[in-house]
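Dear colleague,

I am passing on the structure that we talked about, and I would be grateful if you could look through it alongside the notes underneath.

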2 protein chains.
Amino acid sequence: MPYPMEGLPQQVTIYEVGPRDGLQNESSIVPVEVKAEFIDRLADAGHKVIEATSFVHPKWVPQLADADELLARLRRKPGVRYPVLVPNLRGLDRALERGVDEIAIFASATETFAAKNLNRSLESQFEMFEPVVARALDNGVRVRAYVSMCFGDPWEGPTPIAQVVSVGERLLGLGCYELSLGDTIGVGTPGHVTALITAFRRPDRLAVHFHDTYGQALGNTLAALRAGVTTIDASTGGIGGCPYAESATGNLATEDLVWMLRGLGIETGLDLGKLVSTSTWLAELLGRPSPSRVVQALSKG
Amino acid sequence: MPYPMEGLPQQVTIYEVGPRDGLQNESSIVPVEVKAEFIDRLADAGHKVIEATSFVHPKWVPQLADADELLARLRRKPGVRYPVLVPNLRGLDRALERGVDEIAIFASATETFAAKNLNRSLESQFEMFEPVVARALDNGVRVRAYVSMCFGDPWEGPTPIAQVVSVGERLLGLGCYELSLGDTIGVGTPGHVTALITAFRRPDRLAVHFHDTYGQALGNTLAALRAGVTTIDASTGGIGGCPYAESATGNLATEDLVWMLRGLGIETGLDLGKLVSTSTWLAELLGRPSPSRVVQALSKG
């Protein structure tokens, strides 16, 4: 029996990041046919948005070197979106060749992470994104922007809210349809989430992307829902390791999120049983148990 | 930098259950000197209430068979309360002999669990508790009542809220100063928490006791705080296995709770670093990593 809570949305879109953000951060390299089956299973479980892969250079992310082949193998289910991550113009051209109609770019909210991850300054990252977004839009391709390190980074400590808003508004200004505010190192807490979201003018243009490194992902999600966000990033099975603690999880597990939303009577369209059996199947192939609490609990039941 | 959230309390009491509820459910039997050191470390880290052990029959819970010796060894820190669990009159007498000034009793919110755990009906459990509470109060001993299976149990499904309230109000009527509402199997979600707490007349007499079996413990805690509860049960290191999933956690980890409360600017008086080093030390002795996300993250740092 669901127990709704005042001030929460009726319906939530779960933006599934497992195949890209999850598998990109797993130490094993998963065969392309397994990836394709993983994505097909996610669609079958009811997912409407599945970030499929990344057109990043294979030297940087060997886990996703098979992006072209994977997209060729995908059995696209009608009504399901399959965005891909694109780091630059070359990646965008590969995506366009494959007929991709939705991409995501990956920006940084902090100076140090911009330097380390993008080899750019906080300011000059926009010069890199501008032509990518422009060419994508010219080709009728929608663009989502990840903003990473929105709550803190390992070098600079807490990220000033005004700085996140400034980066985010500029990305929206380039023409991105949505920002995914990432707590890349998982340090945020619910009041911080509320403060960050309410600092933006348009909560309806925001998604949140929480990592469970400090166990805060679901509490933070609750705060985000209360603040008006209705798109939540999550990774089926919680796959995607965290570089700061091998045994800790990275992404919020889709199953744990669905458990909460279902209890709250919030519609997601997802079949929890199918998600759990997908995660159990994948965990066996990855050779380690899923870090999702729900998967752990239900797969023993 | 803390980010407070509207509608939350300024201060929270963490009722530490690790030495009793945690160690009682661990498969290893921990030597009494380790238990005593564990409790001393918890007090040193700033805990003001530490449930030390249980005067249950050693045949039922061999893990805590050393309750008398443990209490004799305890270096009581001024200002710290050390309640013990007491199942019946015989247990109470042992506790009184040891000079215990605060006990807890363990009731059930469901018929089936009352039968399985107490060998009583839902109704007749009060006959068992009544003389225990009366004799305790006569001796100047405060009594807390745990109410288990408040959100659901494995046999009957969701527990009706009216039934939990009825059990709880009767326990308060016997003279208990506080109810600890337990989600023993971890199935609750935030709206359910709000509904249950607001169904009671006195939220100031309530504590909550969440299990993280489905990853919901911290989100549920946030809902409880919003509903006016200011006492939260937690187990340092998240110790205490869950019988339904070996690898899943049982109790909410004190460290994960402190991370959230600290971020919210809510005072707990606890030293997170000392808690984490205590959990790391204990995990080594228990021969398995702490299930606390915060302990996992910070002990690798």
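What follows is a description of the contact between the chains and of some helix packings.

The model is a predicted one, in which local features need pLDDT of at least 70 and side-chain atom pairs count only at pLDDT 80 or more, while totals for chains, interfaces and linings use all residues. Residues are numbered from 1 along each chain as its sequence is written, chains are lettered from A and ligands numbered from 1 in the order in which they are written, and side-chain values use heavy atoms, with hydrogens and water left out.

To begin with the interface, chain A and chain B each bring 40 residues to the contact (heavy atoms within 4.5 Å). About 3,300 Å² is buried between the two chains, 62% of it from carbon and sulfur atoms; buried area here is the accessible area, with a 1.4 Å probe, that two parts lose on being put together, summed over both. On the side of chain A, the residues that lose the most area to chain B are A:Y3, A:Y214 and A:R293, which together account for 23% of what that side buries. Two salt bridges are found across the interface (a side-chain nitrogen of Lys or Arg within 4 Å of a carboxyl oxygen of Asp or Glu), and A:D212 forms a salt bridge with B:R293, with 3.1 Å between the closest N and O atoms.

Helix α9 of chain A (residues 217–226) and α9(B) also meet, their axes coming within 7 Å and crossing at roughly 55°; helices are DSSP runs of H or I with at least four residues, numbered from the N terminus, and axes are lines fitted to C-alpha atoms over the stretch in contact, with angles from 0 to 180 degrees between N-to-C directions. The two helices are therefore oblique to each other (angles under 35 degrees count as roughly parallel, over 145 as roughly antiparallel, 65 to 115 as roughly perpendicular and the rest as oblique). In this contact A:G219, A:L222 and A:R226 meet B:G219, B:L222 and B:R226.

Within chain B, α9(B) packs against helix α10 (residues 254–263) at an angle of about 50°, with the axes 11 Å apart, which makes this pair oblique. Helix α2 (residues 32–44) of chain B and helix α11 (residues 272–286) of chain B come within 9 Å, axis to axis, and cross at roughly 165°, so α2(B) is roughly antiparallel to α11(B).

With best wishes
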